[in-house]
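Trainee: Please take one part of this model and go through it closely with me, choosing the strands as the place to begin. I would then like to hear about the side chains, in one connected account.

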Amino acid sequence: MDHAGELKVTYRGDPAKLFPLALGTGVLGVITLGIYRFWAKARIRRHVWSKVQVGEDGFEFTGTGLEMFLGFLMAVVALAVYLAVVQLILFAVGIRFVFDPQNEMEEIAQGISIALSFLAVLPLMLFAAYRSRRYKLARTRFRGIRLAMENAAGGYMLRGLLYLLLTVATLGLLWPLMTFRLEAYMTERTWYGSARFRQGGRWQGLYSAYFHVLVGIGMLVLSAVFGAVAEEWMAGLLGVMGMIWGMVGLVIYRVRAFAYLMAHKEMDGGLGFRAEPRAGSVVWLYIKGVFIVGLLGGIASAVIFAPLGTLMVGIEDASELMMMEIAVVGVLSYLLVLTVFGALTLVFINQPILGHFVGSVTVTGAQALEAVRQRVSDRGADAEGLADALDMGGAF
Amino acid sequence: MLPAAEEAVYFDGVSARRQEVMVEPSPDGRALRFGREVWAVDRLRRIEGEGLVLALLTGEGDELPHDPARLVLDEGPLAAWVRGAAPALERRDLRRGTWGKIAGRVALAGGALALILFVFLPRISDMLADQMPLEQEVAFGDAVVGQVKSWLGGDGVAVCSAPAGLAALEKMERRLTEGQGLTYDIELSVMDHEMLNAFAAPGGRIVILRGLLDEAETAEEVAGVLAHEIGHVEARDPVRLAFRSAGSAGILALVLGDVTGGTVIGLLGDHLMSASYTREAEAAADAFAFDLLVRTGIGTEGLAEFFERIEGMGGDLPEILSTHPASGNRAEAARSAGGDAAEPVLTTAEWQALRGICGKG
């Protein structure tokens, strides 16, 4: 096999470096009532991006906390208007059903009104997903050259809604169609300097990755059938099995879909990718991570809460001022524990899994890089304020 | 003294080509020289990366005031020299006018949020509250009272139910409501909590906390407070407030990035207790109370005395006092509303029974 023009992609993250950064920025976030979270995100991204290397060269994240903060300020105003109106109307309509469903009809109405309040945010979430990726790419550089994504979040939102509808209407059968088309939509609008990316492959190509999810769905459908003919124990058994099978299937799907989509991406000049992530490794990394986070987080909680415990002794006859102090210490301890868990999760769950995906990729036809020229900077990328406001930025 | 020339990797910011260059410090030690480039040491900025990644400060730049070109040095004598010689390697430069931009955006966002919170949201919530059917409001009120109950004590406080006390409470309720043509079917209850407070929930639910009964010296004082709360109920203030806090809590959670989640529900109960009805709403409830007290022959003296006594106490103010800094005036206002007591609300025995409704003392 010819390995000329191939570059191995590696992730060189080090828990001992990321953890102090994540914890320190997290504590600053608590102290500043959440304002610092934008700077925290920027610092963590700068760190993580620089650890992703193609061959010998690292990526660079040039986004700043300040621009994310400013983007957030803009987004929050738009979102506040939208949400305040939508939520209040839903609150007014749904209030009776939510608090006191009288009969079956109203229970259904309760479900619908809760679902509606989610649906109201859905278009925004799709919009924000595209803008967030666009921002990240616009602030990413490799070998000094900017990446970019075209300004097309509206089209993404409409397609996302359409494919989502199709997926739901077919009980999940057309999920791969959604995955493929949405990823292709983004990839075809992605640029590295002067070079454009293309998404090859076919959406039907994702079905081998989707197999186990289909099995899970099949079991759930069977379970519903058995439920209808009153074979209740059979329905219950199939239901549980279908859920578990489907969940594991989803992990396998995400891993294999990543590999398929990655392997069929191509950049102008013939640069391509190979990706061999393994679902088993991802699951193992996750289980291992949960164990480590649980263990270290448990120890940290004990250390943090122990002083509080000694304060609580004799709280009965403490003065009002003392009680206040204890309450404040309690809230701070709680937030601190949350921060520790957040940092541990980032370092021991998110980072290893990211590392596995990144490390599974090989760049082929790297000589195409020689021809790539710089592009002008994209000032329109809105610093993903919307994505942050909707709390959907993901781990990194 | 100056380190020797070293091999390094250079990306010129124009093409993605990797260029191997020899980098050396200039003889005066104030610049790095490689190829045709001369990078002044005081304009060098470090970029996060493996080895020592350098960028050059420019007046232009994009999101950062840096030239897109990058120079990557291995960790070695030259990199160590640069770290020592470059004065502002770690500085994060701000473009001129940045602070003005920040101030502008913060003001804009703050203004828009204030507009939403204090103008837009109140209007909409009032509109929606006015259109809410009564039976929905009652269901909602029950949920809110339940919420407050669990908020007051970890696993919920007891609703007091000593029979003699309940009878006294009922007598007081009848005296205040019978034949007054109220829209709401008032439902009184006492919760066993030491806080000095009473509050109105949607749907005509009025809750008295034991602390109020402990503090009040006569039944007329309690009746006065109740009359005030009935005023809120009849004006639908609690529903408006609930709608308002549901909306604003959502926005608050949005702005704070909701560290813990579930701010919304928690705030709702809290809001009703420490309540922030508007001054107008409080004044209207007072006026309603004075009127009701006069009409029912209870008289306003009890309420006036209550205002005077509570005013001297520090600590958390109950809702009834919260938005009125000067209770003294209210006591006067109550007295001048007139209306001497025609007949006591409760007998001495009944008053004692009411105070013992929680089965203590």
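Mentor: Two strands count as paired here if DSSP finds at least two bridges between them, and strands themselves are DSSP runs of E with at least two residues, numbered from the N terminus. With that in hand, and bearing in mind that this is a predicted model, start in chain B with B:Glu24, which stands opposite B:Arg33 of strand β3. Strand β2 of chain B (residues 19-25) and strand β3 of chain B (residues 31-34) run antiparallel and are joined by two bridges. These two strands belong to an open sheet of seven, whose order in chain B reads β4-β3-β2-β1-β7-β6-β5, with antiparallel pairing. At the edges of the sheet stand β4 (37-40) and β5 (44-47) of chain B, and since each has a single partner strand, one side of each is left without a neighbour in the sheet. If direction is ignored, neighbouring strands of this sheet are turned against each other by 35 degrees on average.

From the strands we can pass to the rings, of which the structure holds 21 aromatic pairs over all chains. One of them, between A:Phe38 and A:Phe69, is tilted, with 5.7 Å from centre to centre and 55 degrees between the planes. Because A:Phe38 lies in helix α2 (residues 37-51) of chain A and A:Phe69 in helix α3 (residues 65-99) of chain A, this pair ties together parts that are 31 residues apart in sequence. Both A:Phe38 and A:Phe69 are buried, and they form one aromatic cluster with A:Tyr36, A:Trp39 and A:Phe72. Over the face of A:Phe72 lies A:Arg37, at 4.9 Å from the ring centre.

Back in chain B, the ring centres of B:Phe34 and B:Trp39 are 5.3 Å apart and their planes stand at 70 degrees, so this pair is edge-to-face; B:Phe34 and B:Trp39 are both buried.

There remains the covalent link, for the structure holds one disulfide over all chains. B:Cys160 is joined to B:Cys358, with 1.9 Å from S to S, and the torsion about the S-S bond is about 85 degrees, so the disulfide is right-handed. The link connects distant parts of the chain, 198 residues apart: B:Cys160 sits in the loop between α3 (134-152) and α4 (163-177) of chain B, whereas B:Cys358 is in the segment after α13 (348-355) of chain B. B:Cys160 and B:Cys358 are buried.

Notes: Residues numbered from 1 in each chain as written. Chains lettered and ligands numbered in written order. Predicted model: local features only at pLDDT ≥ 70, side-chain atom pairs only at ≥ 80, totals over all residues. Heavy atoms only, no water. Phe/Tyr/Trp six-rings, centres within 6.5 Å; stacked < 30°, edge-to-face > 60°. Helix = DSSP H or I, 4+ residues; strand = E, 2+ residues; numbered from the N terminus. Buried < 20%, exposed > 50% of the residue type's maximum accessible area, 1.4 Å probe, protein only. Lys NZ or Arg CZ within 6 Å of the ring centre and 35° of its normal. Axes fitted to C-alpha atoms, helices over the stretch in contact; angles between N-to-C directions. Disulfide = S-S within 2.5 Å.
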